[in-house]
Amino acid sequence: MSSKLREASAGDSDECALDMSPMIDMVFLLLIFFVVNSSQAIVKQDSDVKPPIASYGKKQDDKNGRIVVNVYQDGSFKTERGLPLETDDDIFELVKKAKEENDLRSYKSKLHLRGDKNAVFKHSRKIIAISAKAGVDQVMFATYVTEK
Amino acid sequence: MARHRKYQEAEEGNPALDISSLIDVCFLLLIYFLVATTIQKKEVDVPLALPASAPTDSEMPDIDPLFIKVDANGAIYVGAGASQEMLDTDTSIRSLPLLSQRLNDYSVGANSGGKKALVQMWVDGGANQQRVIDVLNALVGAGISSVTFTDLVD
């Protein structure tokens with residue numbers, strides 16, 4: 001090997017390299033933060049419904065068997081997927097069908113009532129009464145623990 | 001020089017872990033979480049078990065239920081008939097101190113007699129949802145789980 005060639009190859013090894021380790025550390029830290037902090041949503045939360053505040057509310061831990069009905073401030077109702085429930089029959093059919101599916105899976109059916117805090121109670125009461133007729137007597141009022 | 005060249009060759013032949021794919025996976029996961037995460041307040045449950053049907057003789061409660069009335073303005077009353085008493089009227093206060101005190105007294109009295117506290121609620125259709133939840137919240141706080149609505153049918 002000639003001395004010129006040797007010098008050239010020596011120059012290659014002295015190339016400045018980017019130290020990736022702090023970036024990898026940061027990525028891992030961020031990843032761990034998100035993995036630890038993220039929790040799966042129990043039900044889809046419609047942002048148009050502002051739930052009331054209840055300081056003694058219990059953590060939602062069981063997703064199974066929940067039949068979600070959103071009650072809006074204007075008294076309209078929608079399902080978890082955003083389908084409007086226009087008549088009492090629509091509500092009855094929704095609850096009945098969901099209850100039958102839950103029974104097949106051996107889940108206890110629960111009405112998950114996401115009522116807007118500024119709605120009047122008669123709308124929620126209507127949903128509760130129809131659900132009771134359809135055989136669902138367990139009601140879960142969706143609330144926030146604090147205002148903020 | 002020959003020796004030095006031999007050493008260099010051995011160094012180059014050392015097995016090295018290629019972590020680039022690991023970094024790729026980490027970035028992908030990180031981007032997934034960044035995109036999928038929405039900062040949303042956690043919702044909690046205020047449970048309520050409705051009476052499935054009228055109680056039979058054997059299921060009749062052995063304690064007089066406490067009647068709670070919530071009127072359209074959000075005022076809260078306890079008791080029925082002539083003994084009805086107006087308690088919390090300020091709808092801006094979530095804690096309902098007077099009702100909570102009454103519920104605690106009732107609950108302690110029922111428990112000391114080995115009975116289960118029972119509450120019957122009547123809510124005006126025009127009452128605010130938040131106000132009803134305030135009452136249910138106070139019931140949960142007092143450890144009362146047997147609650148019935150007397151007015152589910154208009």
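What follows is a chat between a student and a tutor about how the labels on this predicted two-chain model are justified.

Student: Let's start with burial. Why is Leu96(B) called buried?

Tutor: Count the neighbours. Leu96(B) has 21 C-beta neighbours inside 10 Å, and the label buried needs 20 or more, so Leu96(B) counts as buried. Leu96(B) sits in the loop between β4 (85-86) and α3 (97-112) of chain B. Its phi is positive too, about 50 degrees, although Leu96(B) is not a glycine.

Student: And Ser106(A), buried or exposed?

Tutor: Exposed. Ser106(A) has 8 other C-beta atoms within 10 Å, and exposed means 12 or fewer, so the label fits. Ser106(A) lies in the loop between α3 (88-104) and β4 (110-115) of chain A.

Student: What makes the phi of Ser106(A) worth pointing out?

Tutor: The phi is near 60 degrees, a positive value, and Ser106(A) is a residue other than glycine.

Student: How do you know that α2(A) is hardly covered?

Tutor: The same kind of neighbour count, with 20 or more needed for burial. Among the 17 residues of α2(A), the count of buried residues is 0. For chain A as a whole, 30% of the 148 residues count as buried.

Student: How do you know that the span of α2(A) agrees with its 17 residues?

Tutor: The rule is 1.5 Å times one less than the number of residues. For the 17 residues of α2(A) that should give 24 Å, and the end C-alpha atoms are 24 Å apart, so the two agree.

Student: Now the sheets. What makes β5(A) and β1(B) a pair of strands?

Tutor: Pairing takes at least two bridges. β5(A) is joined to strand β1 (residues 44-49) of chain B by 6 bridges, so they pair by that rule, and they run antiparallel. Among the bridge partners, Gln138(A) goes with Ala49(B), and Phe141(A) goes with Val46(B).

Student: Where does that pair sit in the sheet order?

Tutor: The order is β1(A)-β1(B)-β5(A)-β4(A)-β2(A)-β3(A), 6 strands in an open sheet with mixed pairing.

Student: Why are β1 and β3 of chain A said to stand at the edges?

Tutor: Each has a single partner strand, so one side of each is left without a neighbour in the sheet. Helices pack on this sheet as well. α4(A) touches β2 (66-71), β3, β4 and β5 of chain A, and its direction makes about 170 degrees with that of β4(A). Helix α4 (residues 129-141) of chain B touches β4 and β5 of chain A together with β1 of chain B, at about 80 degrees to the direction of β1(B).

Student: Which strands make up the sheet in chain B, and in what order?

Tutor: β4-β3-β2-β5-β6, an open sheet of 5 strands with mixed pairing. Here β4 and β6 (146-149) of chain B are the edges, because each has a single partner strand.

Student: How do you know that β2(B) and β3(B) pair?

Tutor: Same test: at least two bridges. Strand β2 (residues 66-70) and strand β3 (residues 76-78) of chain B are joined by 3 bridges and run antiparallel, so they pass. One of the matches is Lys69(B) with Tyr77(B).

Student: How many residues does each chain put into the contact between A and B?

Tutor: Chain A gives 40 residues and chain B gives 34. On the chain A side, the elements that give two or more residues are α2 (21-37), β1 (58-59), α4 (121-133) and β5 (138-143). The largest share, 7 residues, comes from α4(A). By class, the chain A side has 23 nonpolar, 10 polar and 7 charged residues.

Student: Last one. Which residues meet where α3(B) packs on α4(B)?

Tutor: Leu99(B), Ser100(B) and Leu103(B) of α3(B) meet Val135(B), Ala138(B), Leu139(B) and Gly141(B) of α4(B).

Student: What makes that contact 5 nonpolar and 2 polar?

Tutor: Gly is classed as polar here, whereas Ala, Val and Leu count as nonpolar. The tally comes to 5 nonpolar, 2 polar and no charged residues. As for geometry, the axes of α3(B) and α4(B) are 9 Å apart, the angle is about 35 degrees, and the crossing is right-handed.

Note on methods
Residues are numbered from 1 along each chain as its sequence is written. Chains are lettered from A and ligands numbered from 1 in the order in which they are written. This is a predicted model: local features need pLDDT of at least 70, side-chain atom pairs count only at pLDDT 80 or more; totals for chains, interfaces and linings use all residues. Two residues are in contact if their C-beta atoms, placed from the backbone, lie within 7 Å. Helices (H or I, at least four residues) and strands (E, at least two) are DSSP runs, numbered from the N terminus. Axes are lines fitted to C-alpha atoms, for helices over the stretch in contact, and angles run from 0 to 180 degrees between N-to-C directions. A crossing is left-handed if the near helix is turned anticlockwise from the far one by less than a right angle, and right-handed if clockwise.
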